[in-house]
Amino acid sequence: TRQPLPKEAKLIEIAQAERARSRKIVLLIEQTTTRPLPQRLVPLLKKHGIRAVYLDTSRVQAGNREEWIEKQAHQMDVLITHPKAVETGLDLLSFQTVVVYEAIYKVISLAQAIARVWRLRQRRSVKVISLIYEGNLEGAAWPVIARKISWAKSVYGNFVQSGLGDAGLDENLDLLSALKDAITTTSQTDSNIQGASERTLA
């Protein structure tokens, strides 16, 4: 059996630690169709005692997703999903930790997806953890994403300050700040990912 890749090993470590704290994870993955990541990660996590469920948007329509997730929340530790599948219309209050598994260029969708967990009615702190390899295209992408976050923060900030924005814009502005702080680089050649960045949202 193939050993877990460094990023997979770090995910397993995080998932086991969060489960021990009774904290559920939303795992955000953009490549759900071009690469079979969910199909790889679900059995891999299960092998290490983590109950993972993939939100397949081809089977669960948008209007049914929140109910579908809540029905299964008690029997899962990790929800694997594309950011766009949960970016609007859902409250994911059963989850407290968000893991960004790969470089996601659509920073607004990313912020909105995290906002589903970081809600006013969320009673626990929310953690955002990013797992990014250094030394390949993914690592090189993060400076570009950081610039996009800075641009989005500027646009959102202008809207909020001018009074044209709403609470959602203000919330996303805070989230974008947290996302930028959560960016980390890791070594693809190391046996373990070192220094996965973590940001806690009060």
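A contact is counted here when heavy atoms lie within 4.5 Å. On that basis, residues 24 or more positions apart account for 77% of the contacts in the protein with a separation of 6 or more. The model is a predicted one, in which local features need pLDDT of at least 70 and side-chain atom pairs count only at pLDDT 80 or more, while totals for chains, interfaces and linings use all residues. Residues are numbered from 1 along each chain as its sequence is written, and side-chain values use heavy atoms, with hydrogens and water left out.

Six helices and eight strands make up the secondary structure, taken as DSSP runs numbered from the N terminus (helices: H or I, at least four residues; strands: E, at least two). Their order from the N terminus is α-β-α-β-α-β-β-α-β-β-α-α-β-β. Of the 202 residues, 49% are buried, that is, under 20% relative accessible area with a 1.4 Å probe and protein chains only.

Strand 3 (residues 78-81) makes a good place to start. Strand 1 (residues 25-28) pairs with strand 3 in the parallel sense over four bridges, and strand 2 (residues 52-54) also pairs with strand 3 in the parallel sense, over three bridges; pairing requires at least two DSSP bridges between the strands. L79 stands opposite V26 and is also the bridge partner of V53. Between strand 2 and strand 3 the chain passes through helix 3 (residues 65-72) in a right-handed β-α-β crossover, meaning that the path from the first strand over the helix to the second runs clockwise when the strands point away from the viewer. Within strand 3, V78 and I80 point one way and L79 and T81 the other, yet all are buried.

What of the interior? The largest nonpolar core (buried Ala, Val, Leu, Ile, Met, Phe, Trp, Tyr and Cys residues joined through side-chain atoms within 4.5 Å) has 23 residues, and those with the most contacts inside it include L28, I69 and F95. Strand 1, strand 4 (97-100), helix 4 (107-115) and strand 5 (126-130) each supply at least two of its residues, and helix 4 gives the most, with three. Beyond four places in sequence, I69 touches L55, M76, L79, V86, L90, L92 and F95. Another core, of 20 residues, lies apart from this one and has A15, I50, Y54 and I129 among its members.

Helix 1 (residues 6-20) holds E18, which is buried at a relative accessible area of 2%. Leaving aside residues up to four places away in sequence, E18 touches R23, I25, T97 and K127.

Notes:
Buried < 20%, exposed > 50% of the residue type's maximum accessible area, 1.4 Å probe, protein only.
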